[in-house]
Amino acid sequence: MKARVHITLKNGVLDPQGKAIKHALFALGFDGVNDVRQGKYIELDLAESDPDNTQAVVEEMCKKLLSNTVIENYAIEIV
Amino acid sequence: MKTAVIVFPASNCDRDMIVALEKITGHQPHIIWHQDDYIPAVDLIALPGGFSFGDYLRCGAMAARSPVTRKVIEHADRGGNVIGICNGFQVLTETGLLPGALMRNESLKFVCKDVRLKVENNDTPFTNAYEPGEVITVPVAHHDGNYFADDDTLYALEEEGRIAFRYVNDDGDTTLAANPNGSRNNIAGIISRRKNILGMMPHPERLIENAHGGTDGLGFFKSMINAIN
């Protein structure tokens with residue numbers, strides 16, 4: 001199975017890169033951008049074929065390595 | 001004092017740390033490659049600065065999962081002393097041995113300069129050779145030194161006297177302008193609850209002899225000798 005993992009900064013954690021992107025967009029004339037938060041996207045190709053097991057395994061991966069839960073949230077999509 | 005320095009792929013301050021420890025203790029540190037899963041009995045393990053694993057995923061994330069790091073955690077859990085400088089601090093937060101995280105500098109720029117640090121707590125194995133509140137000069141060189149912890153963690157660190165060093169101005173005041181990276185509460189270095197683990201972004205090992213332009217980092221190493229011998 002394949003899994004898609006989106007990693008984003010938690011609310012309340014400052015995102016200086018998001019802020020810089022917002023400023024750059026503004027400089028390009030996109031003045032309607034209220035806020036930008038940037039994150040990571042990870043695709044996993046897994047030997048597992050059961051969706052529930054895949055969800056559980058990827059969740060473990062997120063907790064142990066893919067995200068830093070002090071500052072980041074993760075969202076998993078199994079496809 | 002017996003010491004060990006851990007070397008990860010793309011560590012680059014390992015030699016500075018080895019030279020400093022050898023000069024100050026009189027003994028060559030054990031040099032441990034990250035794939036080793038054995039660390040001899042030592043009084044202190046140092047995680048040096050650098051860009052371990054190219055800062056892939058997050059700074060320190062890969063190094064925190066290296067085989068040798070499990071041994072570092074066991075050493076720390078037994079009460080053994082551990083220091084993490086710069087990338088070493090990032091590795092310590094990634095392992096969970098120290099709370100919080102080190103994020104991209106608020107300016108988004110790599111910062112390489114001398115900073116003034118205030119010794120906030122000199123009752124630790126890493127700061128006892130300094131006077132309380134002493135202001136010292138130590139270089140920083142990092143892109144991701146912006147210390148973040150949530151409000152509860154920050155409150156606990158402050159209440160428990162676990163801020164070892166803070167970025168200050170020449171007068172010793174904690175100001176926004178003195179903060180090189182956006183760290184919460186101008187935090188430059190923290191210690192663990194048991195006081196046996198210290199992480200800091202500045203590099204005391206780069207300021208231990210006059211040829212370096214100053215010796216303000218010497219107290220850091222002398223403190224450990226006082227505490228351990």
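This passage describes the overall dimensions of chain B and the arrangement of its sheet in a predicted model.

Chain B is built from five helices and 11 strands, and its C-alpha trace extends over about 45 × 35 × 35 Å along the principal axes. For a compact globule of 229 residues a radius of gyration near 17 Å would be expected, and the value of 16 Å found for chain B agrees with this. Of these 229 residues, 54% count as buried. When contacts in chain B between residues at least 6 apart in sequence are considered, 74% of them join residues that are at least 24 apart.

Nine strands of chain B form an open sheet with mixed pairing, and their order across the sheet is β2-β1-β3-β4-β11-β10-β9-β6-β7. The edges of this sheet are occupied by β2 (30–33) and β7 (135–142) of chain B, each of which pairs on one side only. From one strand to the next, the twist averages 25°.

Within the sheet, strand β4 (residues 81–85) of chain B runs parallel to strand β11 (residues 197–200) of chain B, and the two are joined by four bridges. In this pair of strands, G84(B) is placed opposite G199(B), which belongs to β11(B). Both β4 and β11 are also among the strands crossed by helix α2 (residues 67–77) of chain B, which lies across β1 (3–7), β2 and β3 (44–47) of the chain as well. Relative to β4(B), this helix α2 runs at about 130°.

How values were computed
Residues numbered from 1 in each chain as written. Chains lettered and ligands numbered in written order. Predicted model: local features only at pLDDT ≥ 70, side-chain atom pairs only at ≥ 80, totals over all residues. Pairing = 2+ DSSP bridges. Axes fitted to C-alpha atoms, helices over the stretch in contact; angles between N-to-C directions. Contact = placed C-beta atoms within 7 Å. Rg over C-alpha atoms; globule rule 2.2 N^0.38 Å. Buried ≥ 20, exposed ≤ 12 C-beta atoms within 10 Å, placed from the backbone.
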